[in-house]
Every structure is written in C-alpha cells, then in structure tokens.
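User: I have a structure open and have not looked at it before. Can you walk me through it?

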Amino acid sequence: MYQNSFIFCALASVIVMCFSEDSDPDLHRDLPGLINSRGFECEIHKITTDDGYVLGYYRVVNPTTVQRPDLRKRPVIIHHGLLSSAVDFVINSPGGDHDPSLLEEDANGVNSDEHEKFVKVVENSSRNREVSSNLGFALANLGYDVWLGNSRGNTYSREHKQIDAKDEAFWKFSTDEMIKYDLPAAIDYILKVTGKESLAYIGHSQGSLIMFGLLATRAEYTEKVKPFIAMGPVAAFEEVNGLGGFITKNPPIVAILRRMHGEFLPSSSIMRYFARIISSSLLRPICTNLIFLICGYDHQQMNETREPVYLAHDPSGTSWQNMYHYSQMVRAKRWQMFDYGKSENEICYGTPDPPEYSLGAIESEHIALMYGENDLIVTPKNIAAIKSSLKVPLLDDYLVPFPKWNHVDFMWGIEAGKYVYTRVIDNLRKFDSAS
C-alpha cells in the first residue's frame with residue numbers, strides 16, 4: 001500500500017513538473033550567472049563587518065565603461081528586503097541586456113528633451129522599453145556603478161570569520177546588527193574601492209529600514225549617502241495588514257517565533273524543487289494569492305509566468321531572531337531595538353525596555369520616498385507616520401500613480417520600469433555631478 005502511494009506521488013510530481021515552465025534558464029542561474037547572461041560583467045566582493053560576518057556584494061560592470069571609464073557614474077547600492085537577496089533586482093524579466101547605445105546617447109545628450117519627458121511622464125510608452133524592469137541592469141546600462149548588496153544570513157552572505165553558518169550562534173542577529181555593522185562596512189568599503197566621497201543608495205522594504213536606522217544613529221553617513229531612495233519604506237509600524245499582520249500579531253505564532261533559533265526559510269535545492277512544483281500551471285494561483293495576501297492584490301502587475309524564477313531564488317533566508325524582531329515591533333507599534341527581556345536589556349542597553357530609533361534624529365535632506373497605495377505592509381498610515389517623524393525636507397515624495405501598486409511590485413511589477421525606475425533615475429541624475 002505504502003509503496004503504491006509512493007509511486008503515485010512520484011508520478012504526480014513528474015506530471016506536475018511537465019506543466020512547470022522550468023525551461024527558463026534563469027531558474028538555474030545564480031547571481032553572477034544572471035549578470036553575465038545579460039552581457040554585463042560581475043565582480044564579487046567579500047566585505048567583512050566589524051563583528052566578523054562576510055557580506056557578498058556583487059558589482060554589475062558595464063563593458064562599455066571598461067573601455068570608457070570616463071562614462072562611469074557614481075556608485076549605487078541596491079539593497080533587498082526581508083527574506084530576499086540581490087537577485088530580486090535582476091530577475092524581473094528576461095530582458096535588460098547590455099545596450100551600449102543607451103550609455104552613448106545619455107553621455108552625448110542626444111534627444112535629451114525627449115528623455116526628460118520620458119523620465120517625468122510615465123505615459124510616454126514609446127521609450128519605456130529603454131528602461132528595463134530589472135533595476136540593476138537599467139542603471140548599469142546608463143553607466144551607474146551598480147553594487148547589489150546582501151544582508152547577513154541570506155544566500156550570498158553566509159560566511160563568518162570564526163563561526164560556521166551551521167552553528168546557532170551565527171544566527172543571533174536582527175536588523176540591529178545590519179544597521180550597526182553591515183551598512184557601515186559596505187559603504188566604507190565601496191567608497192574606498194571607487195575613490196568617491198559619496199554614493200547613492202536604493203533600499204526596498206528592510207533595505208530602507210536599515211538605512212533609516214544608520215542615518216538616525218550615525219550622522220557622519222549623511223554626506224556619504226546621497227540620495228537615499230526608499231522604495232516601499234519601512235520605518236513605522238502603526239499598522240501592518242493582511243497575512244503578515246496576522247502572523248506577527250497572533251499569540252501562538254509569536255510564541256513559536258520567540259522560542260525558535262537559527263536559520264529561517266533558507267534557499268536550498270529542496271526549496272527550488274518545491275517552488276517549481278508550486279509554480280506549475282496547476283498550482284500557480286495558490287502561490288500568487290499567497291503573495292497577494294501578504295503584499296496586496298495586484299494581478300495586473302504580476303507576471304505569473306515568471307513566478308517559477310522568483311520562487312527559485314526566494315525566500316533567501318534570515319534568522320528566526322530577525323523574524324521575531326519584526327513581530328515585536330508590529331505588536332508594540334514602535335521601531336525598537338531587539339527586546340531580549342528586562343534583565344538582558346539592562347545589560348545590553350542599560351534600560352529595562354529596548355531603545356527606539358528616532359527618525360527625528362536624521363539630518364539628511366537627500367531622502368526620496370516611493371510607495372504604493374495598495375501596500376498591505378507599508379500602509380498610508382505608516383507613510384504618514386514616517387513623514388511626520390522626519391524633521392527634514394524630502395528630496396522626493398512619490399506615490400506610484402497606479403492604484404493597485406503593492407509591496408513586491410517595486411521588484412517584480414511588469415511596469416516597474418515605467419512607474420518607478422524612471423523616477424529613480426530622475427532622482428539619481430540630480431547628483432550625477434557629485435564626487
């Protein structure tokens with residue numbers, strides 16, 4: 001009986017896999033493979049933090065700027081969100097190939113009036129194809145020195161000078177450590193390598209949270225980072241709706257998060273196998289709706305045929321401690337440091353309660369906020385809280401002019417190039433002359 005059941009399940013898996021669109025080579029490519037496949041070159045940089053973690057940063061090199069280094073613009077860090085990796089900004093579509101003509105046109109100022117209209121008027125579809133829906137390639141094609149960042153613990157940052165990733169001690173971190181150690185190490189390293197005095201930073205979700213935290217706690221980075229473009233900005237926890245809100249506030253689930261230790265949802269061959277099954281034409285609607293329950297419903301911007309590629313690379317892993325930290329902040333409705341408990345808090349912070357990060361302490365006037373109206377995580381209430389807490393004028397305050405724009409559309413939206421990346425480029429251009 002059990003043998004027959006096993007055979008049936010195996011046959012069922014084979015049938016399902018036949019429906020799965022795994023012929024896309026991006027399913028099997030790692031980050032360097034994805035970059036090289038588009039005609040760019042990939043430099044792998046290992047950046048060591050002060051507490052011993054080794055971060056994988058991947059530089060997207062435009063071959064045209066190798067021959068013409070005078071055309072290379074300032075460095076730009078693109079940073080992913082929770083449970084993601086740098087891959088998310090180069091897998092949105094099969095396109096984005098290296099196109100030397102884009103850089104030459106940009107450098108020579110050809111059709112500059114038309115280009116300016118293109119940047120500011122998203123309805124001008126005649127030039128939309130020139131901005132890829134893969135942000136990393138879109139910027140590299142325009143000559144920006146693109147650095148794809150990875151937070152500690154994900155697929156591309158699983159090393160430490162003394163601790164093995166199999167050890168529980170490796171996973172004792174949350175966004176606090178990313179703010180305190182990861183970002184300063186990466187920024188200082190890139191500025192040293194490039195010889196520049198400042199760089200641009202684009203952060204999605206958690207990627208924005210850690211930059212807000214750095215600017216709030218270390219004012220010396222104010223002039224090193226300009227602009228800071230926050231897509232789906234996380235820095236307030238007034239409300240989190242949808243499935244994410246239910247999970248982070250449900251007492252039994254919270255208790256599990258508190259007790260668990262080690263790695264949470266790593267990327268693996270087993271995960272990729274199940275991703276291909278789940279993403280088959282038979283089961284794909286279940287996967288799509290699960291994403292929408294967390295991030296907001298937007299069928300129009302979700303390329304469902306691309307889902308096998310997305311799920312072959314995500315989730316990319318983090319720590320259980322980091323997941324509990326988010327639950328803690330959502331329940332408290334405050335952006336706090338990690339709560340170890342009153343006695344340990346006294347030892348760690350000198351107070352029984354964890355300190356709060358203060359957006360009011362940020363001095364930078366180079367911050368651009370980009371957000372969607374249909375985002376279940378970054379709700380209008382949270383955006384209002386961020387803007388009211390900041391005591392500085394914003395570089396840009398941009399509500400994406402697409403009513404259903406949700407949290408993942410910043411990475412995977414079919415028209416991300418049209419609705420968001422054109423605006424990103426517009427903000428970056430304001431600093432092209434900076435050193």
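User: How much space lies in the largest cavity?
Analyst: About 40 Å³ of space lies in the largest cavity. This is a predicted model, and everything I give you is computed from it.

User: How many cavities of 30 Å³ or more does a search of the whole structure find?
Analyst: The search finds 1.

User: Which residues line the largest cavity?
Analyst: The lining is made of His 80, Gly 81, Leu 82, Leu 83, Ser 84, Ser 151, Arg 152, Asn 154, Met 178, Gln 206, Gly 317 and Thr 318. By class, 8 of these residues are polar, 3 are nonpolar and 1 is charged.

User: OK, pockets next. What is the volume of the largest pocket?
Analyst: The largest pocket holds about 1300 Å³ of space. It is lined by 45 residues, and those closest to its centre are Leu 82, Leu 83, Leu 265, Ile 294 and Cys 295.

User: Which elements give two or more residues to that lining?
Analyst: They are α9 (242–249), α10 (251–259), α11 (269–278), α12 (284–295), α14 (320–332) and α17 (409–412). The element that gives the most is α12, with 5 residues.

User: And how does the lining of the largest pocket divide by class?
Analyst: There are 34 nonpolar, 9 polar and 2 charged residues in it.

User: What about the second largest pocket, what is its volume?
Analyst: The second largest pocket has a volume of about 300 Å³. Its lining consists of Asp 176, Glu 177, Ile 179, Lys 180, Tyr 181, Thr 217, Arg 218, Met 337, Tyr 340, Cys 348, Tyr 349 and Tyr 357. Two or more residues of that lining come from each of α7 (175–194) and α15 (342–349).

User: Which element has the largest share there?
Analyst: That is α7, which supplies 5 residues. Over the whole lining of the second largest pocket, 7 residues are nonpolar, 4 are charged and 1 is polar.

User: You listed α14 for the largest pocket. Is α14 largely enclosed or largely open?
Analyst: Largely enclosed by the rest of the structure, because 11 of its 13 residues are buried. The buried ones are Trp 320, Gln 321, Asn 322, Met 323, Tyr 324, His 325, Tyr 326, Ser 327, Gln 328, Met 329 and Val 330.

User: What do the buried residues of α14 pack against?
Analyst: They pack against α7, α8 (206–217), α9, α10, β8 (263–264) and β9 (318–319).

User: How far apart are the end C-alpha atoms of α14?
Analyst: They are 18 Å apart. At 1.5 Å a residue, the 13 residues should span 18 Å, so the two values agree.

User: What comes just after α14?
Analyst: Lys 333, which takes a positive phi of about 55°. Lys 333 is in the loop between α14 and α15. Its relative accessible area is 48%, so Lys 333 counts as partly exposed.

User: Which other residue has phi near 55°?
Analyst: Ser 205 has a positive phi near that value, and Ser 205 is a residue other than glycine. It is in the loop between β6 (199–204) and α8.

User: Is Ser 205 buried or exposed?
Analyst: Ser 205 counts as buried, because its relative accessibility is 10%.

User: Where is there a cis peptide bond?
Analyst: One joins Lys 226 and Pro 227, with omega about 0°. Pro 227 is part of strand β7 (residues 225–231). The bond from Asp 314 to Pro 315 is also cis, with omega near 0°, and Pro 315 sits in the loop between α13 (307–313) and β9.

User: Changing topic: which residues touch the most other members of the largest nonpolar core?
Analyst: Of its 55 residues, those are Leu 139, Leu 148, Ile 202, Met 231 and Val 420. Helix α18 (residues 416–429) gives the most to this core, with 7 residues.

User: What is Ile 202 in contact with?
Analyst: Leaving aside neighbours within four places in sequence, Ile 202 contacts Val 76, Ile 77, Ile 78, His 79, Leu 135, Leu 139, Ile 229, Met 231, Val 424 and Leu 428. Another core lies apart from this one and has 51 residues, among them Tyr 57, Ile 210, Val 234 and Val 240.

User: Last one: how many helices and strands are in the protein?
Analyst: There are 18 helices and 11 strands. Of the 435 residues in the protein, 55% are buried.

How values were computed: Residues numbered from 1 in each chain as written. Predicted model: local features only at pLDDT ≥ 70, side-chain atom pairs only at ≥ 80, totals over all residues. Heavy atoms only, no water. 1 Å grid on protein atoms, 1.4 Å probe; cavity = no way out; pocket = protein on both sides within 12 Å on 5 of 7 lines; lining within 4 Å. Points joined across faces, edges and corners; volume = space filled by probe spheres on them. Helix = DSSP H or I, 4+ residues; strand = E, 2+ residues; numbered from the N terminus. Nonpolar A, V, L, I, M, F, W, Y, C, P; charged D, E, K, R; others polar. Core = buried A, V, L, I, M, F, W, Y, C linked by side-chain atoms within 4.5 Å. Buried < 20%, exposed > 50% of the residue type's maximum accessible area, 1.4 Å probe, protein only. Contact = heavy atoms within 4.5 Å. Expected span 1.5 Å × (residues − 1).
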